[in-house]
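Thanks for coming. I have one structure to go through today, and I will put it on the screen now.

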Amino acid sequence: MIKALLFVGLILASGPSDDMFDTLKNAPTEQEAARAEADIIASWGDSGSGTIDLLLERAGIAEQAGDTALARALYDRIVLIAPDYAEGWYRRAALFAREENFAEALRDMNEVLKIEPRHFGAWTGLGHLLESLGSTKEALAAYEAALDIHPNLAPAKQAVQRLSRTSDGSAL
């Protein structure tokens, strides 16, 4: 029984499977894509470590309470303890982005994508950061990378449409 539990724990901690991403990419309806997306996000959220999961939960609570200093300290601990856990880097990058600390946010988004190149949230976040910095061409490429993974990702679709219009001269 204990061996079976350990085996299940290893599966959960391994992140989303290729099949999950195939389902996401080939989902025939938006509802099926949303279910596949939720499964992938849930998989990213499970680190396989009770300690990391608790730190992640506490960091989210701190952010919701407006205590960004505590949230950052907790995310710092997560990436220190589990440097191969992409979601720790992603959450800290998102916090940096909300604080308009673009250099730190870019560093962390790049770290996420080294660990999990299929992280469509990181590609979208990277696109947003690059767009905020005026790097339209690079932002468009990041949003398109997100859509290669998750063709139904609304924020990336909207950004590609907006930036494509701008780059072809049709924006006002």
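I will start with one residue: Thr124 has a relative accessibility of 14%, so Thr124 counts as buried. The cut-off behind that word is under 20% relative accessible area. Keep in mind that this is a predicted model.

Thr124 sits in helix 8. What does Thr124 touch, leaving out residues up to four places away in sequence? The list is Tyr143, Ala146, Leu153, Pro155 and Ala156.

The neighbour Trp123 is also in helix 8. Trp123 comes out at 22% relative accessibility and is therefore classed as partly exposed. With residues up to four places away again set aside, Trp123 is in contact with Leu113, Pro117, Ala142, Tyr143, Ala145, Ala146 and Ile149. Tyr143 and Ala146 are among the contacts of Trp123, and they also appear in the list for Thr124. For a distance, take Trp123 and Leu147: they are 24 residues apart along the chain, and their C-alpha atoms are 8.9 Å apart.

Now the whole chain. How many helices and strands does the protein chain have? There are ten helices and zero strands. Along the sequence the pattern reads α-α-α-α-α-α-α-α-α-α. The chain has 172 residues, and buried residues make up 37% of them. If you take the contacts between residues at least 6 apart in sequence, 46% of these join residues at least 24 apart.

Next, helix packing. Two packed helices are described by the angle between their axes and the distance between the axes.

Helix 7 and helix 8 come first. Their axes are 10 Å apart, at an angle of about 150 degrees. The two helices are therefore roughly antiparallel, the cut-off for that term being over 145 degrees. Their crossing is left-handed. On the helix 7 side the contact uses Phe102, Ala105, Leu106, Met109, Asn110, Val112 and Leu113, and on the helix 8 side it uses Ala122, Trp123, Gly125, Leu126, Leu129, Leu130 and Ser132. Sorted by class, this contact has eleven nonpolar residues, three polar and no charged ones.

The other pair is helix 6 with helix 7. Here the angle is about 160 degrees and the axes are 8 Å apart. That makes helix 6 roughly antiparallel to helix 7. This crossing is left-handed. From helix 6 the residues taking part are Ala86, Trp89, Tyr90, Arg92, Ala93, Ala94, Phe96 and Ala97, and they meet Phe102, Glu104, Ala105, Arg107, Asp108, Met109, Glu111, Val112 and Ile115 of helix 7. The class count for this contact is twelve nonpolar, no polar and five charged.

That leaves helix 6 itself. Helix 6 covers residues 86-98, which is 13 residues, and spans 18 Å from its first C-alpha to its last, close to the 18 Å expected. Why is helix 6 described as largely enclosed by the rest of the structure? Because ten of its 13 residues are buried. Those are Ala86, Glu87, Gly88, Trp89, Tyr90, Arg92, Ala93, Ala94, Leu95 and Phe96. Which helices are included in what covers them? Helix 3 (30-45), helix 4 (50-64), helix 5 (68-81), helix 7 (102-115) and helix 8 (120-132) are included in the cover. After helix 6 comes Glu100, which has a positive phi, near 60 degrees.

That is the end of my part.

Conventions. Residues numbered from 1 in each chain as written. Predicted model: local features only at pLDDT ≥ 70, side-chain atom pairs only at ≥ 80, totals over all residues. Heavy atoms only, no water. Helix = DSSP H or I, 4+ residues; strand = E, 2+ residues; numbered from the N terminus. Expected span 1.5 Å × (residues − 1). Buried < 20%, exposed > 50% of the residue type's maximum accessible area, 1.4 Å probe, protein only. Contact = heavy atoms within 4.5 Å. Axes fitted to C-alpha atoms, helices over the stretch in contact; angles between N-to-C directions. Parallel < 35°, antiparallel > 145°, perpendicular 65-115°, else oblique. Left-handed = near helix turned anticlockwise from the far one by under 90°. Nonpolar A, V, L, I, M, F, W, Y, C, P; charged D, E, K, R; others polar.
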